[in-house]
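Trainee: Could we go through this model together? I should like to begin with how its helices meet and then turn to the sheets.

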Amino acid sequence: MSEDKKESKILLVDDVQVNLDQMKDALFQAGNYQIAVAKNGKTALAKAKANKFDLILLDIIMPDIDGFEVCETLKNYHSTKNVPVIFLTSKNDPESISKGFRIGAVDYISKPFSYEELQARVKLHLRLKHTQEELFKAKVIAEEAAHAKSLFLANMSHEIRTPMNGIIGMIDILKQTPLNNKQKEFLDIVDVSGGNLLTIINDILDFSKIESGKIELEKIDFSVSKELNEVLKLLDLKAREKSLPLKLQINSDVPEFINGDPVRLKQIIINLINNAIKFTKEGSVTISVEVDEIINNKIKLLCKVIDTGIGISEEGMNKLFKSFSQTDSSTTRKYGGTGLGLAISKKLSRLMNGSIGVKSEEGKGSTFWFTAEFETIIEKQNTKIPESHINVQDNKKLKVLLAEDNTINQKVASFNFNKIGHHVDIAENGEIAVEKYLENDFDMIFMDIQMPVMDGIQATEKIRKIEKEKNIEKQIVIIAMTANIMKGDKEKYLAVGMDGFIGKPFKQNELISVIDKFSF
């Protein structure tokens, strides 16, 4: 809708009636405007606060308070601060013009004015104001949509991970029971399928988080060789199943320690190695790391994953790194996957001020490469990064309270606690958890978040309040055990008084690590 059809409301402020008449005449000729007038500053302020004007034409020299003071006052009120003000005055010396713009005016028209200039400038600033309003509305709609998307993702993540915890947890439990060879084979298939499903879920959630700007990079000191060797350990079994040696080559110029996000670095490398193993029947997969450049305290690493696989055609390479895209539809049917791994890797490398690419020849293998920027920490090259887990009192049997409303997850967690030698008591919701905490002497509480009656956050806050009221010096360790793993979740749980976090689905070794870290 144009400003004419919308009947824009304009306030004219001048102490001379002839000037007001001329302005009204010019505006009536130009468009369908609603005109209001004021002959002094106080009246102008009163009318501006009582009405919603689209534009104000303001004289400077007036008998009570001048236009500069009126403009300043308007800009200090919430309801009028965004109304554009045009000074229309004979006071047109450079100092006055400069002051007018400095206190918030959008334009300046000198008296005597021409009708054409007044009409053109009014039309221009009304159009600009209405455009800004439309942009603001679009921004609000976009922000609401982004919030709704984030909420949907958080809910989906929780709803999917809760049953996945039961599936993966029970597979882990079954593997520890007596099985014949055929049963082991069947269970391995279920295990691989569950792992693949979880990878797909993680890919989709990661991609959505990156798209909506919900991923922030960590900045921590880490060992390059340690992190990359962990990747090799993780994927070695998968490579050995295809008789493919995994080789790691770290150039001597790569520092032992750097500062950045090791998780996202490993995520890209794991994506590329997984692809290399998937598309390589024989030969090997090599990971190469070298320094691309060093500028001041920034170091850019060049990482390559080189395989001897099926290679990629030139047409296929053009489809890579795009969302939900693989080289052709037969690739999806034959090898599976979402086609998101490379798209995620591309976005992550960009987040780390790097880039990604591929060199390949059909039938002769591929070299996927990416760069990522980190900070150098030369002073720490001869130091050791502390271990993340404190293994003390390994033989101590703990009395654990598990607050969990899902019966399957109760069974999964209970089996794992019992298997590693700890006694577990179960509370079906946060309220029962608080009651059991008061009645028993537990070493540790594992707290689900989404529970009926009283959720995990409320229960934690209540326990911490009780401890404070009773002047208990050594607080009980409370670990969030939850399927809520979106950005900010962990920080929120720590802020309300929880000590640690373990996401669902989890495996026994992850549970042991968390217990080791906090059992002291």
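**Helix contacts, sheets and a pocket**

Mentor: Asn416, Phe417 and Lys419 of helix 12 meet Gln508, Leu511 and Ile515 of helix 16, where contact means heavy atoms within 4.5 Å. Helices here are DSSP runs of H or I with at least four residues, strands are runs of E with at least two, and both are numbered from the N terminus. The model is predicted: local features need pLDDT of at least 70, side-chain atom pairs count only at pLDDT 80 or more, and totals for chains, interfaces and linings use all residues. Residues are numbered from 1 along each chain as its sequence is written, and side-chain values use heavy atoms, with hydrogens and water left out.

Trainee: How do the residues of the contact of helix 12 with helix 16 divide by class?

Mentor: They divide into three nonpolar, two polar and one charged. Nonpolar covers Ala, Val, Leu, Ile, Met, Phe, Trp, Tyr, Cys and Pro, charged covers Asp, Glu, Lys and Arg, and the others, Gly among them, are polar.

Trainee: And at what angle do helix 12 and helix 16 pack?

Mentor: Helix 12 (residues 407-419) and helix 16 (residues 508-518) pack at about 65 degrees, and their axes are 10 Å apart. Axes are lines fitted to C-alpha atoms, for helices over the stretch in contact, and angles run from 0 to 180 degrees between N-to-C directions.

Trainee: On to the sheets. What is the strand order in the sheet that contains strand 14?

Mentor: The order is 14-13-15-16-17, in an open sheet of five strands with parallel pairing; two strands pair if DSSP finds at least two bridges between them. Strand 14 (423-427) and strand 17 (500-503) are at the edges with a single partner strand each, so one side of each has no neighbour in the sheet. From one strand to the next, the twist averages 25 degrees.

Trainee: Which residue in strand 15 stands opposite Leu401?

Mentor: Ile445 does. Strand 13 (residues 399-403) and strand 15 (residues 444-447) pair in the parallel sense over four bridges. Helix 14 (residues 456-469) packs on this sheet, touching strand 15 and strand 16 (477-482), and its direction makes about 155 degrees with that of strand 15.

Trainee: What about the sheet with the order 2-1-3-4-5; is its pairing parallel or antiparallel?

Mentor: The pairing is parallel, in an open sheet of five strands. Its edge strands are strand 2 (34-38) and strand 5 (107-110), and the twist averages 20 degrees from one strand to the next. Strand 1 (residues 9-13) pairs with strand 2 over five bridges, and Lys9 has Gln34 as its bridge partner.

Trainee: Which strands does helix 3 lie across?

Mentor: Helix 3 (residues 67-76) lies across strand 3 and strand 4 (85-89), at about 175 degrees to strand 4. Helix 2 (residues 41-50) lies across strand 1, strand 2 and strand 3 (55-58), at about 170 degrees to strand 1.

Trainee: A change of topic: where are the cis peptide bonds before Pro112 and Pro505?

Mentor: The bond from Lys111 to Pro112 has omega near -5 degrees, and Pro112 is in the loop between strand 5 and helix 5. The bond from Lys504 to Pro505 also has omega near -5 degrees, with Pro505 in the loop between strand 17 and helix 16.

Trainee: Lastly, what is the phi of Ser243?

Mentor: Ser243 has a positive phi of about 55 degrees, although it is not a glycine. Ser243 is in the loop between helix 7 (224-240) and strand 7 (246-250).
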